Amino acid sequence: QLSLFRLTMKRLFSTSHSSVDSKEMKKFQLLAHKWWDEEGEYSALHSMNDIRVPFIRDTLLNMSSNYHLGNPLSGVKILDVGCGGGLLSEPLGRLGASVTGIDPLEDNIRTADQHKSFDPVLAKRIQYQSSSLEEIVEECMETFDVIVASEVVEHVADLEMFIKCCSRVLKPEGSLFITTINKTQLSYILGIVVAEKIIGIVPEGTHEWEKFVSPEELERLLESNGFSVKTVNGMLYNPLSGSWSWMESTSINYAMHAVKSGAQGQSSPTDALSEMESEQPSATAGTT
């Protein structure tokens, strides 16, 4: 009876206070089978791995006292929020991490599960779940060393609630990695008019400019919810070469790394990540 009560409460909570936007779900439903087509609608996300994976890896290694040759992220528990078809979960799993990928769209999870099954190593290291972030908060309090939310925050219905949930499932001193699009005139022209309507590298209707968030606003939300922002790097996509690079300006895309403040008077519950954030080089991360 108790478990039935908890399930009912969870459903009530997730439907009445959800960060999931049903309009966004409909957009991605149509493309759920296209995730692993490297030349298709998600080609820019495939090539983004060339910079976002090293950024996550190098940042974590700069904070870590342990180093596992060949499996640098061994022992690190990562939550990939809005994992889609698993484009970021898989390379993180190959680096040795234990990855949980969640996505509210069942078709995305089906695609991700099918793709990881081709690799027995990944099949063990990655588990996928069709759910929203709020739905796992109760069972996953302070469970993860790292959360990645890549190209996700510009699609959520309630950004502050999303960040609060991230904080609740992260261990003290855990890391949050976000990549998203700035809210500028330039991002509207390049991210929506050019990318969607002119050259079609992103399916039309994927983004709504009103939901874009500036790094200043994101930093304010994070800092007011118990995070300390460590790094903000600008990102640039070249549609001719199909490649991403780091840049100083954050006027279009950017990546952010924030650390959840530690519990008072106690150290982090895991030694997978130690307290060496100050040594994190912002300009060189991800260029290796």
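A salt bridge is here a side-chain nitrogen of Lys or Arg lying within 4 Å of a carboxyl oxygen of Asp or Glu. In this predicted model, Glu-41 and Lys-34 satisfy that condition, since their closest N and O atoms are 3.2 Å apart. Glu-41 is partly exposed, with a relative accessible area of 28%, and Lys-34 is likewise partly exposed, at 24%. By the same rule the count comes to 10 salt bridges.

Another of these pairs joins Lys-171 to Asp-145, with 3.3 Å from N to O. This pair links distant parts of the chain, 26 residues apart, because Lys-171 belongs to strand S5 (residues 170-181) while Asp-145 belongs to strand S4 (residues 144-150). Lys-171 counts as buried at 15% relative accessibility, and Asp-145 also counts as buried, at 1%.

A further pair is found within a helix, where Arg-220 forms a salt bridge with Glu-217 and the closest N and O atoms are 3.0 Å apart. The two residues are 3 positions apart in helix H10 (residues 215-223), so about one helical turn separates them. Arg-220 is partly exposed, with a relative accessible area of 47%, and Glu-217 counts as partly exposed at 29%. Elsewhere, salt bridges that share partners join Glu-106, Asp-107 and Arg-110 into one network.

The surface also carries a nonpolar patch of about 330 Å², made by Leu-186, Tyr-188, Ile-189 and Leu-190. Of these residues, Leu-186 is found in helix H9 (residues 185-198). Leu-186 is partly exposed, with a relative accessible area of 37%, and therefore passes the cut-off of over 30% that applies to patch residues.

Terms used: Residues are numbered from 1 along each chain as its sequence is written. This is a predicted model: local features need pLDDT of at least 70, side-chain atom pairs count only at pLDDT 80 or more; totals for chains, interfaces and linings use all residues. Side-chain values use heavy atoms; hydrogens and water are left out. Patches are made of residues with over 30% relative accessible area and no salt bridge: like charges are joined within 9 Å, nonpolar side chains (Val, Leu, Ile, Met, Phe, Trp, Tyr) within 5 Å. Accessible areas come from the Shrake-Rupley method with a 1.4 Å probe; for residues, only the protein chains shown count as cover. Helices (H or I, at least four residues) and strands (E, at least two) are DSSP runs, numbered from the N terminus. Buried means under 20% relative accessible area, exposed over 50%, partly exposed in between (1.4 Å probe, protein chains only).
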